[in-house]
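Q: Hi! Could you walk me through this one while I have it open on my screen?

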Amino acid sequence: MAIVCAIVVTVEFTRRSEDEQIIDGLSNLMAGSASGSFSISDEKVEEIKKEEPEILDKFIDLYAENNEIVGWITVGGGDILMSYPVMMNEEDTEYYLHRNFYKDYSYSGSIFCDNHVLPFTDAHNLLIYGHHMASGEYFGKLTYYNPYAGGTRASRFIETYKAYPTLQFDTLWEEGTYKIFAGIFINVKEKDGYVYPYHRKRQFKNELEFMDFMGNIMDRSMFYTDVDVEYGDRIISLSTCWYYPVETGEETRFVLFARKVREGEDPGVDVDKIVVNPDPLFFDTYYKQLGGSWGGRTWDKDYPWLVKDFDKYTDIIDSTGKSAS
């Protein structure tokens, strides 16, 4: 048995090492393209530019390797917390769940985005998924933003947010900085309680739908920042499996939310205003195992600037932690 385990660990370590080499190679390829030094022929470059007239130079070589790349996500500047290509298969959202950039099998898979809104840039709330790897790869470090994660992760939450209050999500056609404003721990199975369908809130027909969404997210957010959100903002939701401190296997998720910096807005964040929410809304299994209960919505009164114009809808929007739609 020990020999079998050793073989499995060795194989997985080798695969992770191969994945890391692939990502490093892609990163170098992107850097070369950004400087105008393409690895492909001039003819191929022109062909890609005809196919994607607005494509940024830095993505041309990567697009030539796999035209299902849609962007690159990075957290950190000189000190990188995570940096990966983002993939999307238009036929199957989970195509890259266990496939690497080159479509070969990989337990770690790739970072990939939801395909239910096409083009994906039309999504008001874009879902981006990635595995939570114990090694820290992919979205393995996303839970550093979870103050309720336990152990050293909980103690370094403030430190993490102060160091990385924004993230960079560059699509093939546009660079974008996003301000992180919320993080939730949520169940995805009804056996654990009401399931808020955050992953289905991709487009908002009107301001009311947006406010209902934001009410549910802020009720559950484990922290609050000085970042305000308003109707019309572009939001991305980074979702990964996470179960601690409840025992439900992989049926719970940690989701980090960020909104795009508006045109002309200062991309800076006043990180000293970060506060841990002492009473986020969790789910039935959480309270059954750990005790306690939700005290109700208070953020809209304590931090009224978080969601612009939310006060206009407080009499309409449900305040019991359930969606109106």
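A: Happy to. One term to start with: two strands pair if DSSP finds at least two bridges between them. Keep in mind that this is a predicted model.

Q: Thanks! So in what order do the strands close into a barrel?
A: Eight strands form the barrel, following β1-β2-β3-β4-β8-β9-β6-β5, and their pairing is mixed. From one strand to the next, the twist averages 30°.

Q: And how do β5 and β6 run, parallel or antiparallel?
A: Antiparallel: β5 (residues 166–171) and β6 (residues 177–187) are joined by three bridges. In that pair, Leu167 stands opposite Tyr178 of β6.

Q: Which strands does helix α6 lie across?
A: Helix α6 (residues 207–220) lies across β4 (125–129), β6, β8 (235–241) and β9 (252–260). The helix runs at about 70° to β6.

Q: Switching topic: how many cavities of 30 Å³ or more are there?
A: Two. The largest has a volume of about 60 Å³, and the second largest about 30 Å³.

Q: What gives the most to the lining of the largest one?
A: That's α1, with three residues. Both α1 (2–34) and β2 (82–87) supply at least two residues each. The lining includes Asp19, Ile22, Ile23, Tyr84, Pro85 and Tyr138.

Q: How does that lining divide by class?
A: Into seven nonpolar, three polar and one charged residue.

Q: And which residues line the second largest cavity?
A: Asp114, Val117, Phe120, Ala123, Asn125, Leu126, Leu127 and Arg202. By class, that lining has five nonpolar, one polar and two charged residues.

Terms used:
Residues numbered from 1 in each chain as written. Predicted model: local features only at pLDDT ≥ 70, side-chain atom pairs only at ≥ 80, totals over all residues. Heavy atoms only, no water. 1 Å grid on protein atoms, 1.4 Å probe; cavity = no way out; pocket = protein on both sides within 12 Å on 5 of 7 lines; lining within 4 Å. Points joined across faces, edges and corners; volume = space filled by probe spheres on them. Helix = DSSP H or I, 4+ residues; strand = E, 2+ residues; numbered from the N terminus. Nonpolar A, V, L, I, M, F, W, Y, C, P; charged D, E, K, R; others polar. Axes fitted to C-alpha atoms, helices over the stretch in contact; angles between N-to-C directions. Contact = heavy atoms within 4.5 Å.
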